[in-house]
Every structure is written in C-alpha cells, then in structure tokens.
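Trainee: I am new to this structure and would like to look closely at one part of it. Could you take me through that part slowly?

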Amino acid sequence: MKDLPSPSLLLLLLLATPAAALRAGVIGGGLGGLACCNALRKVGIEAEVFERAPKLSPQAGTGLTLWPNGLSALEAIDPGLSAHVLRAGSTTQHIEVTSADGLTKLPNPTGDPRRFPSTYGHPMANVRWSKLQKVLAARLPEGIIHLDRQLTKVEPAGGGVTAHFERSEGGAESAHFDLLVGADGINSALRQQLVGDGAPRDAGRTIWRSIIPYEERLLQAGSCSMSAGAGKVGFLTHLSEGELYWSAFATDEAIAKSGLVRADFSTVKEYLVAQFSDVYKLLPVLEMTAEEAILERRVADRVPLVDGSGKVAIPWAGGDGEAGLPVTLLGDAFHAMIPSLGQGANTSFEGAYRLAAALRGATTAEEVVAALRAYEVAQMERAHWIVKQSAEQGRTVYEDRDEFMRRQQMAQDDMWGIAFKPLVA
C-alpha cells in the first residue's frame with residue numbers, strides 16, 4: 001500500500017490549488033453587454049453573453065456619438081480597443097449649430113472638437129451602431145455569445161442564481177451563474193423582475209432616424225450639424241466613409257401645432273418631408289432615404305434609482321443587514337437617459353469598467369455581492385445626474401436655445417473629463 005500524503009501536505013496542496021473562476025451571465029448582446037463581458041473576462045471571470053435576437057444584424061441600430069469618457073473606459077478595459085473603434089467610424093473635426101431654419105448660425109457649445117484629444121485624452125467620434133457592435137463582439141472568444149435566448153426568470157440558487165431562457169422556436173433552458181448582469185436595454189426583462197417599474201418614462205417627443213449614403217454636398221466630411229428651435233431638431237453627422245446619419249426630433253406640441261396628421265399621408269417618408277421641410281438640411285436627406293430604412297421611436301428614459309435626497313436606492317440590494325442577490329443592471333437597463341447629451345452608450349462603457357473593477361479579486365459569494373453593491377452605488381451616483389441633465393437639456397433645446405448652450409458648456413467637463421486607469425496592469 002502506497003504511503004498517503006501527510007495532512008500538512010494535503011493542506012498545502014489545497015492552498016496551492018487556484019479557486020475556480022467565477023461564472024457570470026450577461027443578459028443582452030448590445031454595446032454595453034459586450035463591453036461588460038469583455039471587462040469581466042479581463043479580470044478573470046468566465047463571462048458569457050445571452051442575447052434574445054437570433055443574430056447580430058449588420059443593419060441593427062443607426063448612428064451614435066462616442067465622447068472622450070466612453071472611449072477612455074473602452075481603452076482602459078481593453079488596450080488598443082479604442083483604435084479599432086475609431087477606424088470603424090469618423091472622428092469629428094467640425095460642428096455646426098444653427099437655428100431650425102438654418103438662417104442663424106449659433107455658437108457651438110462644445111467648442112472646437114479638434115481640441116478633444118489634448119483636453120480630454122480622446123476625440124469625439126461617430127460610428128454606426130452595428131459596426132461598433134461588431135468591433136466589440138470580435139474582442140470576445142468564439143462561443144461566448146449565445147443568440148436566441150430570451151430571459152424569462154431568475155431564481156436564487158446555491159449562493160448564485162439560475163437564469164431561465166426561452167428559444168424563439170420553442171424549448172427552454174437554464175444556466176447557473178455566480179452573478180448575473182442585466183444589460184438588456186430600456187425594456188430590460190431583468191429590471192422588471194428586480195424593480196417592476198413598468199414602462200419607461202415618456203419624454204413627450206418622437207425621433208425618426210436613418211443612415212444614407214454620404215455625399216459631401218449634404219455635409220462636410222468629419223462634421224456634425226444640429227439645427228434646433230420651435231419644437232423641432234434636425235441632426236446630421238458623418239459616420240464613416242460612405243455613410244451619413246440623420247435624425248429628426250419633434251415634440252408632441254410641435255406636431256399638434258403643425259396641423260399635419262400622420263394618417264393623412266400614405267407613407268411615413270411623405271409625412272416627414274411635410275413635417276420637417278422647414279428644418280435646415282433635413283429635406284434633402286429625407287428625400288434620399290428609403291421608406292423602409294426609417295426608424296421611429298418615442299423618446300424615453302427611466303427614473304433614476306435614487307431617493308428624494310438623491311441617495312442611491314437599489315431595490316434588490318436587500319435590507320435589515322441582508323446583502324441581496326448576486327444580480328445587477330448595466331446601461332439602459334440601469335439608467336436609461338434621453339439622447340440629448342449622447343451619453344447612453346458612453347455611460348454604459350463606464351459602467352462596464354466600474355463593474356469589473358469592483359469585482360476584481362472577488363472569489364466568494366459574499367465578496368461578489370459586496371462588489372455588486374459597491375458598483376451600483378458608484379455607477380448610479382455618476383449616472384443619475386447625467387440622466388437628469390439629459391432630460392432637462394432634451395426639453396431646453398426646444399424651448400430656450402441660449403439656456404441649452406449655457407448648460408451644455410457647464411456640464412461638458414464633468415461628463416467628458418473623466419479618465420480611467422487600465423483595468424488590468
């Protein structure tokens with residue numbers, strides 16, 4: 001009979017054996033979910049993405065602006081990532097701001113965007129949503145993104161949680177995680193289970209948007225153009241070689257005042273041409289846009305999870321000494337905001353960084369929950385005032401252009417000036 005190891009040797013062997021890596025499920029394969037998965041994997045957590053869509057479509061979404069704070073977070077998560085992102089889009093070199101009719105040139109509240117790299121460390125850039133999604137997905141190993149998984153329920157189990165999913169063609173499956181992150185958008189399924197606050201908060205206006213082939217006669221290369229006033233806003237931006245993004249906003253009051261009734265027009269394109277023909281630069285881009293390429297949605301946000309005094313109040317965090325569940329939210333699922341400041345995706349990237357930084361080094365269930373609660377406080381403290389600012393600016397841009405400009409200038413350093421240290425040394 002062979003000699004057995006001594007008890008002291010067995011103890012040393014156990015101590016030398018690395019703890020099993022934590023397993024995380026990220027619900028949602030959008031920009032925030034993919035960045036979050038990447039960040040968690042950087043700190044040694046076996047994170048995987050579960051997306052309800054059957055595929056990642058190259059036509060999904062429209063355009064978005066990346067500000068220095070968002071690019072700083074992405075670069076800190078994954079060195080070299082910001083360069084890939086910038087190659088997929090267009091760095092902004094010029095911003096034009098006018099009255100709605102284009103006759104009055106207005107001061108640009110952001111200043112010269114060419115100063116951004118020296119002032120804030122990163123440029124301002126614009127990119128097609130689906131191209132950015134592709135860049136972020138490419139940073140993950142194969143087999144990490146699971147498509148056609150609709151979250152239906154989450155249950156506590158064995159110090160972690162069990163997530164239940166349904167498939168579009170029938171069938172169900174479940175998976176156990178040490179922690180679960182809901183990054184599944186403004187209508188988050190996980191948020192409804194955790195918060196149960198129903199539909200988003202409607203902002204009283206509608207946005208129409210699309211992407212068309214870029215032509216220099218419409219907009220200078222590397223430029224953005226915004227025209228605002230009288231309850232309507234038009235926005236154009238150069239996304240990348242060959243692509244131009246436009247959006248048109250209108251308040252419910254402006255639509256009612258126009259006297260135009262959507263039902264009187266055979267197509268949405270015809271309606272928009274009539275509704276926005278007096279807004280600078282919108283008419284030619286509307287005429288170039290295919291009817292089926294126009295996306296329409298109500299503008300909305302979520303009430304921040306803070307109490308009356310502004311203190312962070314997380315409903316699922318537990319009470320009476322309890323730490324709560326090992327679940328959390330990220331991005332629009334956590335703090336959806338009006339797009340007036342362009343901070344939705346950017347604050348999602350910040351959240352991905354903060355979440356991974358909080359979880360770095362956590363090994364036990366207790367440490368995981370404590371890290372999640374710390375992340376939630378830090379992220380909501382940062383995001384809730386941006387949600388408030390975005391809502392206020394979203395109203396002011398239609399009502400008082402001068403006040404909009406003043407507030408924009410006051411807020412920009414706090415939004416864009418934040419810098420992140422590398423997540424992993």
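Trainee: How many residues does helix 12 have, and what does it reach from its first C-alpha to its last?

Mentor: Before the helix itself, please note that this is a predicted model, in which local features need pLDDT of at least 70, side-chain atom pairs count only at pLDDT 80 or more, and totals for chains, interfaces and linings use all residues. Residues are numbered from 1 along each chain as its sequence is written, and side-chain values use heavy atoms, with hydrogens and water left out. Helix 12, where helices are DSSP runs of H or I with at least four residues and strands are runs of E with at least two, numbered from the N terminus, covers residues 344-359 and has 16 residues. From first C-alpha to last, helix 12 reaches 23 Å, close to the 22 Å expected at 1.5 Å a residue, the expected span being 1.5 Å times one less than the number of residues. Helix 12 is mostly covered, with 13 of its 16 residues buried, where buried means under 20% relative accessible area with a 1.4 Å probe and protein chains only. After helix 12 comes G361, with a positive phi near 90 degrees.

A positive phi is also found at G158, about 55 degrees, in the turn of the hairpin that strand 9 and strand 10 form with two residues between them. Strand 9 (residues 150-157) and strand 10 (residues 160-166) run antiparallel and are joined by seven bridges, and strands count as paired if DSSP finds at least two bridges between them. Within this hairpin, P156 has V161 in strand 10 as its bridge partner.

Note on methods. Buried means under 20% relative accessible area, exposed over 50%, partly exposed in between (1.4 Å probe, protein chains only).
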